[in-house]
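This note is offered to a colleague who meets the structure for the first time. The points below are best read with the sequence and the coordinates at hand.

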Amino acid sequence: MALNARLDHRKPLVFDTHELGRRPGAQQRLTREIDAPKDLGIQGVIGVPEGAPVKLDLRLESVMEGVLVTGTVRAQAEGECVRCLEPLELELEADFQEMFSYPDADDRGRVKAEPADDAEEDEDMLFLEDGLFDLEPVLRDAVVLALPMQPVCREDCPGLCSECGARLADDPTHHHDAVDIRWAALQGLAGSLEDGEKDEMSGAEAGVDEKQEK
């Protein structure tokens with residue numbers, strides 16, 4: 001990617017590497033808790049709510065071509081079960097590692113005599129800017145890769161009834177009597193015949209009662 005726009009060291013996901021200097025092998029460990037940025041996760045599926053606490057454990061290591069950042073992110077994600085549509089919570093823990101390169105060094109750590117002509121060469125690279133780097137794009141990638149694309153409240157969630165939408169986990173014996181449409185007309189006819197027989201029997205009983213009265 002292109003060089004970062006001017007980074008603001010006051011932003012929670014911007015880190016300063018000046019203490020490392022350019023001494024290969026120098027290391028620095030950092031722990032930071034931040035408020036989750038907006039849209040941290042898989043939009044519309046599951047993610048870390050904006051403002052929720054996000055814990056970061058980082059190790060910064062100076063190497064020839066830049067600073068290697070290795071870390072772990074921990075947070076609680078929220079979403080909706082894709083089977084029963086109930087809200088769910090998920091403890092998220094994701095590891096990541098990214099190289100932030102010196103803008104004036106080539107892939108072997110040597111200072112470049114001239115800027116590279118091939119823009120594609122820098123397309124997937126992240127750079128340090130005045131000793132600062134922005135961890136947000138790396139954090140977002142790590143969180144998205146660690147989250148399930150189809151979250152479920154439990155592995156054996158039975159989901160919803162396809163006929164009435166009832167949550168099957170609440171009533172394991174829930175069912176509907178299946179009716180074969182090929183027999184539906186005959187069942188209706190049988191019901192009509194039964195009703196007719198009942199009417200005839202009622203009429204006959206009424207006639208008997210009248211004779212007895214006479």
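In what sense do S6 and S7 pair, and over how many bridges? The points below begin with that pairing; the reader should bear in mind that the model is predicted.

1. **The S6 and S7 pairing.** Strands S6 and S7 pair in the antiparallel sense, and 15 bridges join them. One of these bridges sets arginine 74 against its partner in S7, glutamate 93. The two strands form a hairpin with 6 residues between them. In that turn, leucine 85 has a positive phi of about 65°.

2. **Other partners of S6.** Strand S5 also pairs with S6 in the antiparallel sense, here over 9 bridges. A hairpin of 2 residues joins S5 to S6, and valine 63 has glycine 66 in S6 as its bridge partner. Strand S4, residues 46-48, runs antiparallel to S6 as well and is joined to it by 2 bridges. On this side, isoleucine 46 stands opposite glycine 79 of S6.

3. **The chain as a whole.** The protein chain contains 2 helices and 9 strands. Read from the N terminus, its elements follow the order β-β-β-β-β-β-β-β-β-α-α. Among the contacts with a separation of 6 or more, 64% are between residues 24 or more positions apart. The chain has 214 residues, of which 30% count as buried. Its accessible surface comes to about 14,600 Å², and carbon and sulfur atoms account for 49% of that surface.

4. **A salt bridge between strands.** Side chains of opposite charge can pair when their charged atoms come close. Aspartate 57 and arginine 74 meet in this way, in a salt bridge of 2.6 Å from N to O. Aspartate 57 belongs to strand S5 (residues 53-63) and arginine 74 to strand S6 (residues 66-80), so the pair ties together parts that are 17 residues apart in sequence. Both ends are partly exposed: aspartate 57 has a relative accessibility of 30%, and arginine 74 has a relative accessible area of 33%.

5. **A network around arginine 74.** Asp57, Arg74 and Glu93 are linked in a network of salt bridges. Two members of this network, arginine 74 and glutamate 93, are also bridge partners in the pairing of S6 with S7.

6. **Further salt bridges.** The structure holds 5 salt bridges. One of them joins arginine 10 to aspartate 8, with the closest N and O atoms 3.0 Å apart. Are arginine 10 and aspartate 8 exposed or partly exposed? Arginine 10 counts as exposed because its relative accessibility is 68%, where the limit is over 50%. Aspartate 8, at 23%, is partly exposed. Another salt bridge links arginine 154 with aspartate 156, the closest N and O atoms being 2.9 Å apart. Here arginine 154 is partly exposed at 40% relative accessibility, whereas aspartate 156 is exposed, with a relative accessible area of 54%.

7. **Serine 62.** Serine 62 is placed in strand S5. Is this residue, serine 62, buried or exposed? Its relative accessible area is 1%, so serine 62 is buried. A polar atom of its side chain lies 3.2 Å from the backbone oxygen of arginine 23. Leaving aside neighbours within four places in sequence, serine 62 is in contact with Leu20, Gly21, Arg22, Arg23, Pro24, Gly25, Ala26 and Tyr102.

8. **Helix H1.** Which residues of H1 are buried? In this helix, residues 136-146, they include Val138, Leu139, Ala142 and Val143. Seen down the axis of H1, the buried residues fall within an arc of 130°, so they line one face of the helix. The face turned away from the buried side carries Asp141 and Leu145, which are exposed.

9. **What covers the helix.** The cover over the buried residues of H1 includes strands S2 (27-35), S3 (40-42), S5, S6, S7 (87-101) and S8 (126-127). Strands S5, S6 and S7 thus appear again: S6 pairs with S5 over 9 bridges and with S7 over 15 bridges, and S5, S6 and S7 are among the strands that cover the buried residues of H1.

Notes. Residues are numbered from 1 along each chain as its sequence is written. This is a predicted model: local features need pLDDT of at least 70, side-chain atom pairs count only at pLDDT 80 or more; totals for chains, interfaces and linings use all residues. Side-chain values use heavy atoms; hydrogens and water are left out. A salt bridge is a side-chain nitrogen of Lys or Arg within 4 Å of a carboxyl oxygen of Asp or Glu. Buried means under 20% relative accessible area, exposed over 50%, partly exposed in between (1.4 Å probe, protein chains only). Helices (H or I, at least four residues) and strands (E, at least two) are DSSP runs, numbered from the N terminus. A polar contact is a pair of N or O atoms within 3.5 Å; within protein, one must be able to donate a hydrogen and the other to accept it, and residues adjacent in sequence count only if both atoms are side-chain atoms. Contact means heavy atoms within 4.5 Å. The arc is that of the directions from the helix axis to the C-beta atoms. Two strands pair if DSSP finds at least two bridges between them. Accessible areas come from the Shrake-Rupley method with a 1.4 Å probe; for residues, only the protein chains shown count as cover.
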